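Okay, thanks for making room for me today. I'd like to walk you through one model, so let me put it up on the screen.

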Amino acid sequence: MTGRQECDVIVIGAGSAAFEAAVAARQAGAVRVVMLEKAPEAEYGGNARYSGTGFRFVHGGAADIRAFVPDVPDDVFATMQINPYTAEDFERDLQRMTLGRMNGELARTLVAESARAVRWMLDSGIKWEPLKEHALVDGKRYFERGIAIHVAGGGIGQLRQWRALAQRLGVEIRFESPVCGILGDMRAVEGVRVAAREGSYELRARAVIACSGGFQANPEMRARYLSGATDFIKVRGTRHDTGEVTRYLLELGARPAGHWQSGHMSPIDANAPDFETPQHEDGRGNTQSRYDYPMGISVNALGQRFFDEGEAQHSYTYAKTGRAVLAQPGARAFQIYDQKGLARQRYPHHVASYEEAASIEELARKTGLEPAVLCDTVKRFNAACPSEPAFDPRRLDGRATRGLEPPKSNWANPIDTPPYRAYPVTGGITFTFGGVQIDSRAQVMNVADQPIRGLYASGDIVGLFFHNYPSFTGQTRNAVFSRLAGEHAVRAN
Ligand SMILES: Cc1cc2nc3c(=O)[nH]c(=O)nc-3n(C[C@H](O)[C@H](O)[C@H](O)COP(=O)(O)OP(=O)(O)OC[C@H]3O[C@@H](n4cnc5c(N)ncnc54)[C@H](O)[C@@H]3O)c2cc1C
């Protein structure tokens, strides 16, 4: 397969954004769509292979969600408390999380197209399941606004479904086919260069859609761009997201966008593997995330608290909390829970290492913390917990510590019911926030602020987020911009 070849649309990658773009291009009328994936077939799928793939989108509440989960029995569905999530809610969340820095046009496109994109997936045959509720109270299952469903079978289920659909539509997938160059310049792109095992070749097309992910698995690029101790970070997803396609596009003249010094970084078991945290067999996402910190306290290796564990539900804080952990001595921390906190865990099925003890002093000894300091931290925290308002896991309950720095702004319950547990955590990177600028048709912009003819992008390669991120927006962004890229790549050529 050397020399020069042609097709209608090239998609770089075979992760979720790539499958969505390939299917959308084929549905829009492209006859020959070729996906080029660097990984071998057994490792294709990018980050989705390690993810639960929940989606955040605009909807009108339980009645809208029902269409996605028709197999849930009526009596079970009746227990699901799903409030509407409006366009204003979603846009406010995006701008609040990104400290008002997200590109307004792209934020509006993401919000306005979110329901249509998820509906397009349903209509294309993708099956869905309810997410796990965030609180179970009196037999009722409460869901956070905007997040109620994920693709059946989680990330692997999503990949299998997309791959079957792409194959039915005649999309060609070439594994072990790393893209090693882009043909074109800052005005127009005509194809790519592929470093296949049998030899390099040029593949020309009317449009190229870049869906090659972030650069989080490349230590050199992490050191070059990200702030903080990211040399020591664990990579939660694929080892194949090494950012070279991002570099080729920047060299070509694509405009950089997003927060280059930052990324989605969440707390993870300190003993997790350096790359690719394993999936649950039933598709409920990766196994070693440590998201239940709002139900306890976190201390650093000096035994001191260092952030507000109860600032908001974890879905609004987890993507920045990994960075906070990474900034602590030794890039480590410990999540401390008593039995009340453990009973409220939302992710008890996550597998993680921990120590357990009948007293805080013994827990400190087992974890290597200074007992006097940890006992003092817990004592001062307990003394600052209020008796009112009542603890309520369904919402921000305003049960905040009094006179403590840093505060715990919600769900502040004393750590007083043994046995106690300490989970060692560090920072895990999910994806990077720096990437290329696209417009609202997913076309890549150049440094002269003009669209590059024939070049589109979707997924983590797009520079979109700053500082923080509302959970489950990555998959929605993929579906929205991949669908637009696939359609416009065909229409515009
Ligand atoms: C553990 C975990 C849990 C997550 N949970 C969720 C969730 O529930 N909801 C949500 O919205 N988001 C979630 N995310 C984030 C989300 O999965 C990612 O944002 C999303 O999968 C990125 O999709 P992508 O297609 O852009 O990149 P990827 O899925 O990473 O795909 C990129 C592909 O490009 C290939 N590639 C790279 N370089 C080249 C090259 N030179 N040539 C050819 N191919 C190349 C890679 O091999 C890879 O297959 C999670 C991520 C992780 C890691």
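I'll go through the sheets, then the ligand shell, then some helix packing.

Two bits of housekeeping first. Residue numbers start from 1 along each chain, following the sequence as written. And this is a predicted model, so local features had to have pLDDT of at least 70 and side-chain atom pairs counted only at pLDDT 80 or more, while totals for chains, interfaces and linings use all residues.

Right, sheets. Helices and strands here are DSSP runs numbered from the N terminus: H or I with at least four residues for a helix, E with at least two for a strand. Two strands pair if DSSP finds at least two bridges between them. One open sheet has six strands, ordered β10-β3-β2-β14-β24-β23, with mixed pairing. β10 (172–174) and β23 (443–445) sit at its edges with a single partner strand each, so one side of each has no neighbour in the sheet. On average, neighbouring strands here are turned by 30° against each other, ignoring direction; for angles, axes are lines fitted to C-alpha atoms, for helices over the stretch in contact, and values run from 0 to 180 degrees between N-to-C directions. Inside that sheet, β2 (residues 9–12) and β14 (residues 207–210) pair in the parallel sense over four bridges, and Ile12 has Ala210 in β14 as its bridge partner.

There's another open sheet, with four strands in the order β1-β13-β12-β11, again of mixed pairing. Its edges are β1 (3–6) and β11 (179–184), each with a single partner strand, so one side of each is left free of a neighbour in the sheet. Neighbouring strands there are turned by 25° on average, direction ignored. β12 (residues 189–196) and β13 (residues 199–204) run antiparallel, joined by six bridges, and Val194 has Tyr201 in β13 as its bridge partner.

Now the ligand. Which residues come nearest to it? Of the 44 residues around the ligand, those are Gly13, Gly15, Gly46, Gly237 and Gly459; "near" means a C-beta atom, placed from the backbone, within 6 Å. By class, the shell has 15 nonpolar, 23 polar and six charged residues. The classes are simple: Ala, Val, Leu, Ile, Met, Phe, Trp, Tyr, Cys and Pro are nonpolar, Asp, Glu, Lys and Arg charged, and the others, Gly among them, polar. α1 (16–27), α8 (244–252), β21 (420–432) and α13 (473–491) each supply at least two shell residues, and α13 gives the most, with four.

That brings us to how α1 packs. The axes of α1 and α13 come within 7 Å and cross at roughly 35°, and the crossing is right-handed. Handedness, quickly: it's left-handed if the near helix is turned anticlockwise from the far one by less than a right angle, right-handed if clockwise. That contact has nine nonpolar, five polar and three charged residues.

α1 also meets α6 (residues 154–168), with axes within 10 Å and a crossing of roughly 25°. The two are therefore roughly parallel, which is the label for angles under 35 degrees. This crossing is left-handed. Among the contact residues, meaning C-beta atoms placed from the backbone lie within 7 Å, are Phe19 and Val23 in α1 and Leu159 and Trp162 in α6. The α1–α6 contact divides into seven nonpolar, two polar and two charged residues.

Technical notes
Parallel < 35°, antiparallel > 145°, perpendicular 65-115°, else oblique. Contact = placed C-beta atoms within 7 Å.
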